[in-house]
Amino acid sequence: MKPKILTGLCIALCAVRQVAQAQIYDTNDDVVEILAGSAGTSGYLNAQGTLAMFANLEAIAADSFGNLYIADSGNSRIRKITTNGTVSTFAGGGNGSLPGYGTTVSLGNGNDFGAMIIDHSNTIWLVYGYYGELVRIGTDTLVEALSFSGIYADSGICVDSANNLYYSTRTQIYRLGANGTLDLFAGSGSTGSENGNGIYASFSGPGALAADEAENIYVWDAGNQLIRRIDQSQNVTTIAGNGSSANADGVGTAASFNSIYAMDADNFGNVFLACGSCIRKIDASTNVWTVAGSFSQSSYANGVGALARFSGASGLCLSQGMIFVADSANQVIRNISFNPVAEPVTGPNLGIATYAGIQITGFVGRTYQIQASTNMTTWNTVATLLLTSSPYLWFDTSSIGGNKFYRAFLMP
């Protein structure tokens with residue numbers, strides 16, 4: 001039996017993102033709040049939430065249990081924050097030399113702390129730039145320093161799904177395999193901005209790195225003011241930035257970046273950037289926009305998106321469905337939570353369609369939920385999709401017979 005012609009409720013998105021000072025803000029009510037630390041006060045104190053104290057936060061990473069680890073450079077320690085906001089010291093603060101365990105060891109001059117990540121075995125990796133080392137801290141709190149040629153203070157690190165670790169030198173990207181094998185992944189060793197495969201590409205002072213679910217490696221090519229992407233075939237492509245040091249949101253090379261201190265990627269092809277006074281985002285279609293903060297104003301304020309302020313947002317990680325930010329000059333850990341309520345796509349138009357489905361005009365790179373109903377009272381979720389083009393025509397391939405209505409929601 002052929003499917004009948006169905007009645008579709010086609011809903012178009014008409015929300016317009018605000019533009020201010022070349023910034024395009026996300027529309028999902030990204031609310032910035034304080035998680036831990038005493039805003040504006042530097043010190044060392046283990047406690048819960050805002051009673052705790054930090055000094056010059058450098059980086060932040062999350063383990064698989066939702067615990068956060070902070071590179072607290074001013075105190076030369078690695079601090080831990082549990083899911084209930086309790087702050088403790090995980091490593092450093094002792095007098096012992098490396099290798100050693102936990103709080104019995106000294107991590108030397110914390111001002112040499114750099115980027116930090118946690119791999120899939122919950123091992124912490126920290127760039128200790130002055131000595132060209134990676135500090136490795138296992139789940140048993142064993143702290144050891146591993147020397148690798150080319151690591152410097154601004155080296156970035158990330159890890160892929162196979163637990164291979166990547167780090168940047170001044171002109172190249174290396175891959176440290178989970179089996180301990182070290183390989184040159186990309187970069188000729190000469191300064192430049194050429195795209196190409198492997199050693200035929202060039203970089204200039206690459207810094208922050210991130211890896212997505214598709215095993216792409218994203219590189220903040222600081223000397224060129226570009227975002228580069230390296231796939232697992234080692235093809236290097238410029239995806240965003242025009243080489244200008246001025247900040248501007250936009251699509252791909254229409255966007256520009258002044259500085260990026262940390263990056264992390266989610267499961268939907270989005271890359272989030274800690275940029276000092278603001279948090280920015282690149283979606284799967286290379287659209288660049290601002291999640292929270294300001295290009296031009298550096299201070300402290302909680303609030304929704306454009307109302308929030310940061311001062312020295314130097315670290316960033318994704319965990320528990322939120323963004324966590326190490327806000328260095330404000331001496332606090334901030335969390336950015338998304339509007340927990342899905343936003344209905346506005347402007348309903350009832351019409352007869354020749355297909356079972358719905359056309360969505362919306363934000364490329366954002367997630368939409370599609371619901372169906374036979375009576376416009378009881379609705380059931382029938383699909384969740386990442387919008388790859390706009391307008392996007394979605395077909396209900398499972399629908400046979402009867403009238404059915406459809407509606408779409410922009411997800412947090």
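# Briefing on a predicted model

At 0% relative accessibility, R228 counts as buried. This residue belongs to a predicted model, and its side chain meets that of D221 in a salt bridge, with 2.6 Å from N to O. A search of the whole structure finds five salt bridges, and a search of the whole structure likewise finds seven aromatic pairs. The points below take up salt bridges, aromatic rings, strands and sheets, backbone features and a surface patch in turn.

**Salt bridges**

- The partner of R228 in its salt bridge is D221, and D221 is itself buried, with a relative accessible area of 0%.
- Another of the salt bridges brings together the side chains of D327 and R334, where the distance from N to O is 2.6 Å.
- D327 counts as buried because its relative accessibility is 0%, and R334 counts as buried at a relative accessibility of 0% as well.
- The side chains of D72 and R79 also meet in a salt bridge, at 2.6 Å from N to O, and both D72 and R79 are buried.

**Aromatic rings and the charges over them**

- Among the aromatic pairs found in the whole structure is the one formed by W220 and F257, whose ring centres are 6.2 Å apart and whose planes stand at 65 degrees, so the pair is edge-to-face.
- This pair links distant parts of the chain, since W220 belongs to strand β20 (residues 217-221) while F257 lies in the loop between β23 (250-251) and β24 (262-265), 37 residues apart.
- W220 is buried, and F257 is buried too.
- F148, Y167 and Y174 come together as one aromatic cluster.
- R334, already named for its salt bridge with D327, also lies over the face of F310, at 4.8 Å from the ring centre.
- A charge is placed over a ring at Y44 too, where the charged end of R77 sits 4.2 Å from the centre of the ring.

**Strands and sheets**

- One open sheet is formed by five strands in the order β18-β22-β21-β20-β19, and the pairing within this sheet is antiparallel.
- The edge strands of this sheet are β18 (196-197) and β19 (206-211), each of which pairs on one side only.
- β19 and β20 run antiparallel and are joined by four bridges, and A211 stands opposite I217 in β20.
- Strand β20 is also the strand that holds W220, the partner of F257 in the aromatic pair described above.
- Another open sheet is formed by five strands in the order β23-β27-β26-β25-β24, and here too the pairing is antiparallel.
- In this sheet the edge strands are β23 and β24, each pairing on one side only.
- β24 pairs with strand β25 (residues 271-274) in the antiparallel sense over four bridges, and the bridge partner of M263 in β25 is L273.
- The loop that carries F257 lies between β23 and β24, which are the edge strands of this sheet.

**Backbone features in loops**

- The peptide bond that runs from L98 to P99 is cis, with omega near 0 degrees, and P99 lies in the loop between β8 (87-91) and β9 (100-101).
- T286 has a phi near 65 degrees, which is a positive value in a residue other than glycine.
- The place of T286 is the loop between β26 (278-282) and β27 (287-293), and T286 counts as buried because its relative accessible area is 16%, where buried means under 20%.
- M376 likewise has a phi near 65 degrees, a positive value in a residue other than glycine.
- M376 is found in the loop between β35 (367-373) and β36 (380-386), and with a relative accessibility of 40% M376 counts as partly exposed.

**A nonpolar surface patch**

- L184, I199 and Y200 make a nonpolar surface patch of about 330 Å².
- Of these residues, L184 lies in strand β17 (residues 182-186), and L184 is partly exposed, with a relative accessible area of 31%.

Methods
Residues are numbered from 1 along each chain as its sequence is written. This is a predicted model: local features need pLDDT of at least 70, side-chain atom pairs count only at pLDDT 80 or more; totals for chains, interfaces and linings use all residues. Side-chain values use heavy atoms; hydrogens and water are left out. Rings of Phe, Tyr and Trp (its six-membered ring) pair if their centres lie within 6.5 Å; planes under 30 degrees apart count as stacked, over 60 as edge-to-face and the rest as tilted. Helices (H or I, at least four residues) and strands (E, at least two) are DSSP runs, numbered from the N terminus. Buried means under 20% relative accessible area, exposed over 50%, partly exposed in between (1.4 Å probe, protein chains only). A charge sits over a ring if NZ of Lys or CZ of Arg is within 6 Å of the ring centre and within 35 degrees of the ring normal. A salt bridge is a side-chain nitrogen of Lys or Arg within 4 Å of a carboxyl oxygen of Asp or Glu. Patches are made of residues with over 30% relative accessible area and no salt bridge: like charges are joined within 9 Å, nonpolar side chains (Val, Leu, Ile, Met, Phe, Trp, Tyr) within 5 Å. Accessible areas come from the Shrake-Rupley method with a 1.4 Å probe; for residues, only the protein chains shown count as cover. Two strands pair if DSSP finds at least two bridges between them.
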